[in-house]
Amino acid sequence: TSVWSASALAKLLGALRRNVRTVVQLCWTALTNGYAAGFAKGTIYKGELKRVCVPGLNCYSCPAAGGACPIGSFQAVAGSSKFRFSYYVAGMLIFLGVLLGRLICGFLCPFGWFQDLINKLPVKKLSTRRLKPLRYLKYAVLVIAVVLLPALLRDSFGLGPPYFCKYLCPQGVLEGAIPLSLADSGIRAALGSLFRWKAALLLAVVALSAVFYRPFCKWLCPLGAFYSLLNSVSLLDMRVNKDRCISCGKCARVCGMDVDITKTPNHTECIRCGVCIKACPTDAIRYRCGFGAGMNNTKTKEEN
């Protein structure tokens, strides 16, 4: 039994090492959605932790959510009658973006992980390389739906609705509307055309995620758009050792975000998932922590 246990443990540890990113995604999602009692009660956690924004797209209205979504928080302040700009949320996003860049999308976003899981379904996969122009849509969503509309279009009470959360975010249906309606008959009875629209949007994202890699992240996510602007200046970045690179193209072929890391190590679309690192046969690609673009694409002293 002890031999079997040791063998099983070794296999488990080996599997964890091979799937570090999945383990991190699972643990982070569980950590930021730890109020499991909310699902049974059909209520939302409203404790002090809800004042803190999580880095990824994680709906405030999820019964288990222990923190607030930064996009929802930003819109709430921008659309309020007293304030025009959320310095706290913007400052937090800038800090996280400068620290990690789009690594947050790759490791710390529950909805990104959800798309990863859907993409594992055994159906034929399609490339998005010819759809690259669609990636600019998320910047329009960030500027228009998240910033301008809540600040400029207000109701008679001087309030601006959270347009992205209300009309475009599929995470709100997945984490919020569906579990809350399942637990509360009153909420089920109140569901109307807006829920049907967003449910259809969620189903579209699910269907697209089965055949395309992370379509919402690539084309519509305003949070990904914001972090992408800081990818090239973040403390954590990617580097390619040109002396080790043999130009085999394996890293570009396995990249689900359509990035050739040998040409642009810190491309705005790179979510730093590490798939290219595993695919590289010469160990030419690595994570690097530290400022200074001059460190990219050069050998370190240890490698000379």
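**Close-up 1. Val143 and a nonpolar patch on the surface.** In this predicted model, Val143 comes out as partly exposed, with a relative accessibility of 43%. Its place in the fold is helix α8, which spans residues 137-152. Val143 is also one of the residues behind a nonpolar surface patch of about 510 Å². The other contributors to that patch are Ile144, Val147, Leu148, Leu152 and Leu153.

**Close-up 2. Thr29 and its surroundings.** Is Thr29 buried or exposed? Thr29 is buried, as its relative accessible area is 17% and the cut-off for buried is under 20%. Thr29 belongs to helix α2, made of residues 20-32. A polar atom of the Thr29 side chain sits 2.8 Å from the backbone oxygen of Gln25. Leaving aside residues up to four places away in sequence, Thr29 touches Pro110 and Trp113.

**Close-up 3. Cys273 and Cys255.** A disulfide is a covalent bond between the sulfur atoms of two cysteines. How many disulfides does the structure hold? The count is zero. Take Cys273: the closest cysteine sulfur to its own is in Cys255, and the 6.4 Å between them is too far for a bond. For scale, a disulfide here needs the two sulfur atoms within 2.5 Å. As for solvent, Cys273 has 21% relative accessibility and so counts as partly exposed.

**Close-up 4. Cys280 and Cys248.** With zero disulfides in the structure, here's another cysteine to look at. Cys280 is in no disulfide, and the nearest cysteine sulfur, which belongs to Cys248, is 6.3 Å away. Cys280 counts as buried because its relative accessibility is 16%, and buried means under 20%.

**Close-up 5. Stepping back to the whole chain.** Now for the backdrop to the views above. The chain's secondary structure adds up to 16 helices and two strands. Helix α2, home of Thr29, and helix α8, home of Val143, have both been shown already. The chain has 304 residues, and 44% of them count as buried. What share of the contacts between residues at least 6 apart in sequence join residues at least 24 apart? That share is 75%. On the outside, the accessible surface of the chain is about 15,800 Å², and carbon and sulfur atoms account for 69% of that surface.

How values were computed: Residues are numbered from 1 along each chain as its sequence is written. This is a predicted model: local features need pLDDT of at least 70, side-chain atom pairs count only at pLDDT 80 or more; totals for chains, interfaces and linings use all residues. Side-chain values use heavy atoms; hydrogens and water are left out. Helices (H or I, at least four residues) and strands (E, at least two) are DSSP runs, numbered from the N terminus. Buried means under 20% relative accessible area, exposed over 50%, partly exposed in between (1.4 Å probe, protein chains only). A polar contact is a pair of N or O atoms within 3.5 Å; within protein, one must be able to donate a hydrogen and the other to accept it, and residues adjacent in sequence count only if both atoms are side-chain atoms. Contact means heavy atoms within 4.5 Å. Patches are made of residues with over 30% relative accessible area and no salt bridge: like charges are joined within 9 Å, nonpolar side chains (Val, Leu, Ile, Met, Phe, Trp, Tyr) within 5 Å. Accessible areas come from the Shrake-Rupley method with a 1.4 Å probe; for residues, only the protein chains shown count as cover. A salt bridge is a side-chain nitrogen of Lys or Arg within 4 Å of a carboxyl oxygen of Asp or Glu.
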